[in-house]
Amino acid sequence: PSFYSHPRLYDLLQGGDTREEADLLERLHAEHGNGGREWLEPACGTGRLVVELGRRGWSVTGYDLSSRMLAYARRRGARALRGDLRTFRRDHAFDFAYSLQGTLRHLRSDREASGHLRATAASLRPGGLYVLGLDLTDYRLPADDEETWEARDGRRVVRQVQLTLSPDRRARRERVLQFVSSGRSLLKAQYDLRTYDAAEWRALIRRSPFTLAAVYDLWGKPSRLDKETRAATFVLRLL
């Protein structure tokens, strides 16, 4: 997304749920994890969760490809490395990994996604977890979708409108159109995301070094993976 090159805007629009997300991660770690304190955040962006969890006593390392995001994250005190989702690996260095924003879907093929899962698994110690937030698709119910976010920076209002077009089942692509307004400026972007229905997502997990340990809905309540599942948080445990 074009506004990913504008860390401050991105932080304003994405940062409202930081405390709640950190609370959820701590709870999932307590319920399912190995007790270790070394955590990893792939595609850490502005480092908001790295910093928040660090304040709570966890040792958190993030990585990202964007030099602007890394600079912003480091200025706020995050431990942030340059790394690619497809290849970043630190053998047996972490106990817990998380990615709550559905970043996995930016990887365009199952081959790339599998590579990411294998690299992340190699970075975890025995009993390690990878907690993933993901939106799943139901190809039986094709429909466009619109979402709007709004945030304030002093008197300035920042607004994001995101249109997600009906998925292409054969190509397994979903086109996203984004518009971010801030004062008199307007940022526009369009990009494609990889789609997964419940069966495709389950098959990807089965080909990985992980097993599906738990599923939670948008409100953090226990759920399950089936054809009705849409937005959810998935707890993957290292085999």
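Helices and strands here are DSSP runs, with at least four residues for a helix and at least two for a strand. By that count, the protein chain holds six helices and twelve strands. The model is a predicted one.

**Overall build**

The chain has 239 residues, and a compact globule of that length would have a radius of gyration near 18 Å; the chain's 17 Å agrees. Some whole-chain values follow.

| Property of the protein chain | Value |
|---|---|
| Box filled by the C-alpha atoms, along the principal axes | roughly 50 × 45 × 30 Å |
| Buried share of the 239 residues | 52% |
| Exposed area | about 12,000 Å² |
| Part of the exposed area from carbon and sulfur atoms | 46% |

Contacts reach across the sequence. Among those with a separation of 6 or more, 62% join residues 24 or more positions apart.

**Helix H6**

Helix H6 spans residues 198-206, and its buried residues are Ala198, Trp201, Leu204 and Ile205. These residues lie on the same side of H6, because they cover an arc of only 130° around the axis. The face turned away from that buried side carries exposed Ala199 and Arg206. What do the buried residues of H6 pack against? Their partners are H5 and three strands: S5 (124-135), S10 (210-216) and S12 (231-238).

At the start of H6, aspartate 197 places a side-chain oxygen within 3.2 Å of the backbone nitrogen of alanine 199.

**Histidine 116 in H5**

Helix H5 covers residues 110-122 and includes histidine 116. Histidine 116 has a relative accessible area of 2%, so it counts as buried, the cut-off being under 20%. Beyond its neighbours within four places in sequence, histidine 116 contacts Pro42, Tyr63, Leu85, Arg86, Leu104, Leu107 and Tyr130.

Definitions and conventions:
Residues are numbered from 1 along each chain as its sequence is written. This is a predicted model: local features need pLDDT of at least 70, side-chain atom pairs count only at pLDDT 80 or more; totals for chains, interfaces and linings use all residues. Side-chain values use heavy atoms; hydrogens and water are left out. Buried means under 20% relative accessible area, exposed over 50%, partly exposed in between (1.4 Å probe, protein chains only). Contact means heavy atoms within 4.5 Å. The arc is that of the directions from the helix axis to the C-beta atoms. A polar contact is a pair of N or O atoms within 3.5 Å; within protein, one must be able to donate a hydrogen and the other to accept it, and residues adjacent in sequence count only if both atoms are side-chain atoms. The radius of gyration is taken over C-alpha atoms; the globule rule is 2.2 Å times the number of residues to the power 0.38. Accessible areas come from the Shrake-Rupley method with a 1.4 Å probe; for residues, only the protein chains shown count as cover.
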